[in-house]
Amino acid sequence: MDSLWGLLWLAPAVLYGGGSVAGRVRKGLKVRHNRKLELLDAQHRQRLALEEANRPPEPVCGCTHHLAKHDKQGRCHEVVETPTAWDADRRPVRYEPGQCNCQQYVGPEPLGTVFAPELVDPR
């Protein structure tokens, strides 16, 4: 008979206290999930940074156009918007297509134009 009364006293503690345990477990799993997502995001950002660091520099002119848009004399052949009309505050109002005015390429030298003489005489 004493064990029955002990079980009756234990029942409300299990029923009401069990909810807080389940809530703590649920909260712990949510924290673990969020940490896992942060870890995956950090790994993704690291992979992108490594890929970007291993990419060779693109030869870009001061006008922000690629070297392929320039001829041997350094003139840019890219079409850009040039302002043709201004308002009272000297802000451009209308634009028309025109040629880029830059004259010289000022980016890193492309690898194709680098020449390295042989170190050993082939005789």
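The following paragraphs lead through the structure from its overall layout to its core and its surface. The model is a predicted one.

The protein contains one helix and two strands. Read from the N terminus, these elements follow the order α-β-β. Helix 1 covers residues 2-54. With regard to contacts between residues at least 6 apart in sequence, 36% of them join residues that are at least 24 apart.

Burial comes next. Of the 123 residues in the protein, 10% are buried. The largest nonpolar core consists of five residues, namely Cys61, Cys63, Cys76, Cys100 and Cys102. Within this group, Cys63 offers a useful point of orientation. When its neighbours within four places in sequence are set aside, Cys63 touches His70, Cys76, Cys100 and Cys102. Three of these partners, Cys76, Cys100 and Cys102, belong with Cys63 to the core itself.

The surface may be considered last. The area exposed by the protein is about 11400 Å², and 59% of that area is supplied by carbon and sulfur atoms. A nonpolar patch of about 270 Å² lies on this surface, formed by Val21, Val25 and Leu29. One of its members, Val21, is located in helix 1. Val21 counts as partly exposed because its relative accessibility is 44%, a class that lies between buried, under 20%, and exposed, over 50%. The helix thus carries a residue of the nonpolar surface patch in Val21, while the largest nonpolar core is made up of cysteines at positions 61, 63, 76, 100 and 102.

How values were computed
Residues are numbered from 1 along each chain as its sequence is written. This is a predicted model: local features need pLDDT of at least 70, side-chain atom pairs count only at pLDDT 80 or more; totals for chains, interfaces and linings use all residues. Side-chain values use heavy atoms; hydrogens and water are left out. Patches are made of residues with over 30% relative accessible area and no salt bridge: like charges are joined within 9 Å, nonpolar side chains (Val, Leu, Ile, Met, Phe, Trp, Tyr) within 5 Å. Accessible areas come from the Shrake-Rupley method with a 1.4 Å probe; for residues, only the protein chains shown count as cover. A salt bridge is a side-chain nitrogen of Lys or Arg within 4 Å of a carboxyl oxygen of Asp or Glu. Helices (H or I, at least four residues) and strands (E, at least two) are DSSP runs, numbered from the N terminus. Buried means under 20% relative accessible area, exposed over 50%, partly exposed in between (1.4 Å probe, protein chains only). A nonpolar core is a set of buried Ala, Val, Leu, Ile, Met, Phe, Trp, Tyr and Cys residues joined through side-chain atoms within 4.5 Å. Contact means heavy atoms within 4.5 Å.
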